[in-house]
Amino acid sequence: MRAALPNSSYARPEAVTDTGNEVYVRFTPESGGRPKDFEFRKLGFAPEVESAVVAGFAMACGPGGSRKTVESAKTLYAGARILARKLQEFPSPPQTLAALAPAHLASFKLSRTRYSHSLIQLFRVLFRRTTGLSHEFREALYAPHGWSVQGPGSSAYSDSEARRIQRAARSEVRTALARMRKLEVEFERWKQDDSNLDFEAQQRCMLLDRIMRGGAEAQQLRAFRESPPQRKESAALLSELFPSHSEIAALAVLLICVSGQNLSTVCGLTADHFRADDQETEEPLIMTRASKPRRGRHGAEMDLAMAPNRVPALGRDDYSSAAGVYRVAHELCARVREIAKTSSLLVFYSSNVGSGAPEIRELPTTAIANWRGRLPDGTVLSRVNTRRLRLTHIQRHQRPVAHSVTTAAKEYLSKDAEALPGYQKVVGDVLNTEVNRIQTGHSILTLTDEEVTEASRNPAPIAEKLGTTEEQLHFLLQGRLDTVATACVDHTNSPYGNAGSPCSASFLLCLGCPNARSEPRHLPIQAAMLASIKRRRPEMTDEEWAGRFSTAHHQLNDLLNRQGAGQSAATPAVSSQEQELIDLVLDGGLELR
């Protein structure tokens, strides 16, 4: 058989379809998935203006265009709808492109809000390659925005508000995960013909098996929903088999809280990932791909690292780190993802009734607008603003997330007026800490080897030097008063707490406490702690390291130098148990929470 060329060259399908009564543009996501049609005739543009808007929309949503996801195409379509509505408000709506004038944009220009500036940007996309516009209209359209009025809702959530949102989201996700795990156990028992399953569990498993065999198309799910088995409606059974819209919206909120990513990035995450840890002893470090469309066509795709917390979670599930919540999402949606044959991370069962068919859907960016978190005590939260959630994460960690340091400072941190008192408090705390460090830098009293030997024969003068009793001196030399790197001679009279109460401060604060004492036995641990602090410096930002370890670093250096065990002096190595204790102190594992 001879090879032959195709009969005709490839012709790209037309994106614009005009049936007379309708004109719509078909958009196909770049990452795959079902296409979506956008209808323009109903918007009410004049024919010539409509043709220009449709052509601009098709160009932006076609191959090589700036719109690559369904959500970004929806945003552009919303801009066209708002423009049509605004033009119809005029006594004489423009019938031609030449009739478009700066007055038609005046209300958007004069409002000077972020929202109006975003709409102007959408209009620019629609008319970017349009010919026939008047010079005045084009100049007004592409004139610089200038400053914008800071609108409401642009400040970060307070710590208490953020904790309430996370608590409500965790509660809903935890309940959904427990239900899915119970279903998986029941399904395995059902497949093994376990006769001890109750009737409702058997009905759930039978319906799940039918769906696994029959597929998850909307018509198939509608047929399952409309054929109720005995004693229980199939609609209710279907809702028990899969995560709901609200549960996956709560999961998206939780992902934003712990990762700081944009809502569109979170909704676009996929289940495709790999682990960058040893998958045995190390905490999970998850690498995946993500997209941030607003970066533009050349910078939208990015590698995303989902890191665990330094302190491992106590239970099976970790709801406080990006890696932990990603793993929860991967498990929670595993079954529904398998049925729908999709790689999207966040998918749910939509139980639409009436004209809407039930279906398995990927989470849209509009889902969070209708989510109302509920606390365990029944309190219903108000609507959650995902931009404020992202800003809260950036404020809390003081580092950029999927943007540059300049963008973090100019677009997020500097525009949060309510954060100014917090910044002032941070500066004040740092200054106070430095003053206290200078004042208490030499407050720790130390013993030499000769003084330790002398204390066994004549303890009274040594106890007087340390400002304690002979009994306390005896306990100190036995190691019964140790606080990891030093010893404490008065733990109920701490400068960091109420007099008469046991001290609950961090063990790192012992390095500058007037109640702390040091003897030669502490030198190896002090040297090992200083080395551990230095090793952590390349793993953290300068601001984070300075905030956590700068004072302890100076105090340990000073303490070792005064005891003749500076950087050049050799000190014995610590045991593995002592090193583990040091790591717990530096990671905050021994602090009261």
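**A tour around helix H12**

Begin by selecting Thr288, whose bridge partner in strand S6 is Leu304; helices (H or I, at least four residues) and strands (E, at least two) are DSSP runs, numbered from the N terminus. The model is a predicted one, in which local features need pLDDT of at least 70 and side-chain atom pairs count only at pLDDT 80 or more, while totals for chains, interfaces and linings use all residues. Residues are numbered from 1 along each chain as its sequence is written, and side-chain values use heavy atoms, with hydrogens and water left out.

Next, select S5 (286-291) and S6 (301-306), which run antiparallel and are joined by six bridges. Add S4 (273-275), and an open sheet of three strands appears in the order S4-S5-S6, with antiparallel pairing; two strands pair if DSSP finds at least two bridges between them. S4 and S6 stand at the edges with a single partner strand each, so one side of each is left without a neighbour in the sheet.

Now select helix H12, residues 322-332, which lies across S4, S5 and S6 and runs at about 80° to S5; such angles run from 0 to 180 degrees between N-to-C directions, with axes fitted to C-alpha atoms, for helices over the stretch in contact (heavy atoms within 4.5 Å). Is H12 largely enclosed or left open by the rest of the structure? Eight of its 11 residues are buried (under 20% relative accessible area, 1.4 Å probe, protein chains only), so H12 is largely enclosed. Among the buried residues are Tyr326, Val328 and Leu332.

Finally, show helices H6 (159-191), H10 (245-259) and H13 (334-340), which are among the elements that the buried residues of H12 pack against.

Conventions
Buried < 20%, exposed > 50% of the residue type's maximum accessible area, 1.4 Å probe, protein only.
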